[in-house]
There are 2 protein chains.
Amino acid sequence: MQLALLDGQWLDPMQPAFTLQNRGWQYGDGIFETMLLQQGRVRFWSDHLERLQSSCARLGMTTPETSLLQHELHSLCAKRQDAVIKLTLLRSGSERGYRPPQSASTTRLWQLFDAPSNVPPSITVRWCDMRLSRNAQLAGLKHCNRLEQVMAQAEWRDTGIAEGLMLDTEGELIGGTMSNVFLGLDGALITPDLRYSGVNGVMRKNVLRLATWLRIDVEARAVRHEEVHHAQEMFVCNAVRGIQAVTRLEQLAWPVGTLTQRLQCALLEAHPEN
Amino acid sequence: MQLALLDGQWLDPMQPAFTLQNRGWQYGDGIFETMLLQQGRVRFWSDHLERLQSSCARLGMTTPETSLLQHELHSLCAKRQDAVIKLTLLRSGSERGYRPPQSASTTRLWQLFDAPSNVPPSITVRWCDMRLSRNAQLAGLKHCNRLEQVMAQAEWRDTGIAEGLMLDTEGELIGGTMSNVFLGLDGALITPDLRYSGVNGVMRKNVLRLATWLRIDVEARAVRHEEVHHAQEMFVCNAVRGIQAVTRLEQLAWPVGTLTQRLQCALLEAHPEN
């Protein structure tokens, strides 16, 4: 069961929603945010809003007014205490041709889904064969061109494997299909710097904040895939599932690490916002 | 004015068409073909069909039955003698999450647009700042992840510039935003080999066929962007606009080349199919 609010109108989730003029289905011309609604509040809403605004700016999309987004978010939050909220912004206003018209508008879709019922604190992951391409001009954005992630997740159906790790075309570790990744190396954390690929995750940003607060050294840099063999611990994170320790990656196994546990605990204490 | 046929139903082009379960708007999870209807026949239909089938196979999408596509195409062709026909196939069947469900279906959208009224035999082009990323696993496909082309075309609005040339992230020439490119060098043709980026165009394929037929040497290989300075001629091609000589690229200028003219003439004689 889900709820959907499209440009201010509640929608029957089974009915057609998008017109032929929408450029989302044409070219993946849009962005999205996936957020956790917890006890009536959206965790890290201000970070999601900030990323959304900067993404719109980078793609030249008209950004909806903050007051409008706040208003719509409140009407969604009134429906549920706990849920996953997805906000998709798609460029609209042309029937064919790559060039966005100067009159292009931004279509807003809010969707409300059940919160995941089972988020284990530690998980098994695998390597994906599908690589991530490099393009500094689009790196970091949570845009709707996601075929690489789609093809990566299609590689396995074993529900015992919770996430797949992805390398870029040069063999650098970038992250999970739907998460960012951190390695613990000699008491410090490293995480891929995302200058060429990957999504600049809201939970990643908050892990970096929490690490500073906990005085854990953390470095964002290029990470060769072989470095996972030297890691003493690993975790993945995203806005919905929080921080999950990686305890198994094919032949490799780790205990839940100290840094991972400290960050998981700190995240529990972090103040939810709306 | 356009006509649209969605999963066998004629559609009011202004009405909502795609449901929330469609993965086209979610992730650009689909492919498309753009074809020229000329005197009641679709040029190079068998090539479009072949590419569509191989694209579906590479992406793990269910391919619609050929007989069904033929049937729908005929009902479109009955409406007009000359037009542009776009066929989009989008994966459908899930509300959230990258993994395509095993029950995923393929949504078929046929659109009929006016044929372009003005296709000059020679054009001015420019360089785009936006680069094409490299990913051998998706190279060649005309999939719906087209933000790079969208951003490239957003770089100019001068209608005197008909096309933008794009380099990949390593500085290799790949093609135009909506066309493939050929350079004439010492009596032979070279064209980018598309092993890492670019769309394997139907017109490109037919230019390669025509070149063989005309005994013009042609090589598909990596093309450094500097090589345009040594070219004696250049043209771009796509299924709708055919072969267009490039006579101006920023400071560079060329006459319409001999090879270009021979191919343009040969294309006029090539037999249209349906």
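These are my notes on the sheet, the helix packing and the chain contact in a predicted model.

**Sheet, chain A**

I began with the strands. Chain A has an open sheet of six strands, and I read the order as E2-E1-E6-E5-E3-E4, with antiparallel pairing. At the edges are E2 (9-11) and E4 (41-42) of chain A, each of which pairs on one side only.

I then looked up one pair in detail. E1 (residues 3-6) and E6 (residues 105-113) of chain A run antiparallel and are joined by four bridges. For the register I noted Ala4(A), which stands opposite Gln111(A) in E6(A).

**Helices on the sheet**

Which strands does H2(A) lie across? I found E3 (30-38), E4 and E5 of chain A, with H2(A) running at about 180° to E3(A). I asked the same of H3 (residues 66-77) of chain A. H3 lies across E1, E3, E4, E5 and E6 of chain A, and its angle to E6(A) is about 20°.

**H2 with H5**

Next I checked helix against helix. The axes of H2 (residues 45-59) and H5 (residues 202-213) of chain A come within 10 Å and cross at roughly 125°. An angle of that size lies outside the parallel, antiparallel and perpendicular ranges, so H2(A) counts as oblique to H5(A). I logged the crossing of H2(A) past H5(A) as right-handed.

The residues that meet are Asp47(A), His48(A) and Arg51(A) from H2(A), and Val202(A), Lys205(A) and Asn206(A) from H5(A). By class I have one nonpolar, two polar and three charged residues in this contact.

**H5 with H6**

H5(A) also packs with H6 (residues 258-269) of chain A, at an angle of about 105° and with the axes 10 Å apart. The perpendicular range is 65 to 115 degrees, so I entered H5(A) as roughly perpendicular to H6(A).

Here Val207(A), Leu210(A), Ala211(A) and Trp213(A) of H5(A) meet Leu263(A), Ala266(A) and Leu267(A) of H6(A). What classes make up this contact of H5(A) with H6(A)? I found seven nonpolar residues, no polar and no charged.

**Chain A with chain B**

Last, I went to the interface. I have 46 residues of chain A in contact with 46 residues of chain B. On the chain A side, the elements that give two or more residues are H1 (23-27), E5 (83-92) and H4 (147-153). H4(A) supplies the largest share, five residues. The side of chain A that touches chain B has 20 nonpolar, 17 polar and nine charged residues.

Methods. Residues numbered from 1 in each chain as written. Chains lettered and ligands numbered in written order. Predicted model: local features only at pLDDT ≥ 70, side-chain atom pairs only at ≥ 80, totals over all residues. Contact = placed C-beta atoms within 7 Å. Nonpolar A, V, L, I, M, F, W, Y, C, P; charged D, E, K, R; others polar. Axes fitted to C-alpha atoms, helices over the stretch in contact; angles between N-to-C directions. Parallel < 35°, antiparallel > 145°, perpendicular 65-115°, else oblique. Left-handed = near helix turned anticlockwise from the far one by under 90°. Pairing = 2+ DSSP bridges.
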